[in-house]
Amino acid sequence: MCPPSCSHAVNQPSGQPEPTGTGATPEPLDPSAPADTEALAARAAAGDGAALDALLRTIRPDVVRHCGRFLLFREDAEEAAQDVLLQVSRHIERFQGRSRFSTWLHTIVANCSRQKYRELKRRAVEQPTLPHQASAPEQRPDPRTTSVIAGSRVDLLEALERLEQESPHLVAPLVYRDVCQMDYAEICDRLGIPLGTVKSRLHHARRQIRPWLTSQEL
């Protein structure tokens, strides 16, 4: 699980409360209406339980897919996705509409996926190898290897861990742009820094991790 206060977070969802305006209560959710994620998120943040349920159902497929950009093995991605949905459910009131819900959600996806990766590494270290398994071929893909760049497999998460130790301010732009595939406007909004700074940090991050990546044919 990856609570919003966990260490090594990319950039936690935050924001100041918006003006309440007239204080009018949102109209009840119409189950037959098309699901609008941003509208559902706003209703859920205001305490609408039906909207929260609909929001979680709506975003689940995309959450699993985005977690899969970090975690190659489907079951691992689904575990991370469950953590993401749990965090959204528990902390939706923190979404104040200062940025798009999708931007807020990307932060949780990135944090929980990387936390799941750390759990996988810890499990691998703690799990003993039985004698009859010593020579058996590996049945589970190495959790340290993930596929995010077309035509290559890279040890990206290990590189991110190292980058966070050496240049932590470079991690978020790289994760948001190259893994989450957010557009520059979203990244600027999420990080609160100018476009030029985002591009500069992204350039330096890519250059710094390139020597650490091990590419091979898919």
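A disulfide here is a pair of cysteine sulfur atoms within 2.5 Å of each other, and with that cut-off a search of the whole structure turns up zero disulfides. Before I go on, please keep in mind that this is a predicted model, in which local features need pLDDT of at least 70 and side-chain atom pairs count only at pLDDT 80 or more, while totals for chains, interfaces and linings use all residues. Residues are numbered from 1 along each chain as its sequence is written, and side-chain values use heavy atoms, with hydrogens and water left out.

Why does Cys67 have no bond to the closest cysteine sulfur? The closest one belongs to Cys112, and its distance from the sulfur of Cys67 is 7.4 Å, which is too far for a bond. Cys67 is buried, with a relative accessible area of 0%, where buried means under 20% relative accessible area with a 1.4 Å probe and protein chains only. Cys112 also counts as buried, at 1% relative accessibility.

Let me now step back to the chain. It holds eight helices and two strands, these being DSSP runs numbered from the N terminus, H or I of at least four residues for helices and E of at least two for strands. Read from the N terminus, the order of the elements is α-α-α-α-β-β-α-α-α-α. Of the 218 residues, 39% count as buried, and the chain exposes about 12000 Å², of which carbon and sulfur atoms supply 51%; that area comes from the Shrake-Rupley method with a 1.4 Å probe. Among contacts (heavy atoms within 4.5 Å) between residues at least 6 apart in sequence, 68% join residues at least 24 apart.

Next, the helix pairs. Helix 2 (residues 49–67) and helix 3 (residues 74–91) have axes that come within 9 Å and cross at roughly 145 degrees; the axes are lines fitted to C-alpha atoms over the stretch in contact, and the angles run from 0 to 180 degrees between N-to-C directions. Cys67, which we met a moment ago, is one of the residues of helix 2 in this contact, which on that side also includes Leu52, Ile59 and Val63, while helix 3 contributes, among others, Ala77, Leu85 and Val88. The residues of this contact divide into 13 nonpolar, two polar and three charged, where Ala, Val, Leu, Ile, Met, Phe, Trp, Tyr, Cys and Pro count as nonpolar, Asp, Glu, Lys and Arg as charged, and the others, Gly among them, as polar.

Further along the chain, the axes of helix 6 (residues 171–179) and helix 7 (residues 184–191) come within 10 Å and cross at roughly 145 degrees. Here Ala172, Pro173, Tyr176 and Arg177 of helix 6 meet Tyr184, Ile187, Arg190 and Leu191 of helix 7, a contact with six nonpolar residues, no polar ones and two charged. How much of helix 6 is buried? Seven of its nine residues are, so to speak, under cover, and the buried set is Val171, Ala172, Pro173, Leu174, Val175, Tyr176 and Val179. Just after helix 6, Gln181 takes a positive phi of about 60 degrees.

Last comes the pair formed by helix 5 (residues 156–166) and helix 8 (residues 195–209), whose axes come within 10 Å and cross at roughly 115 degrees. Leu156, Ala159, Leu163 and Glu166 of helix 5 meet Ala205, Gln208 and Ile209 of helix 8, and these residues divide into five nonpolar, one polar and one charged.

Notes:
Buried means under 20% relative accessible area, exposed over 50%, partly exposed in between (1.4 Å probe, protein chains only).
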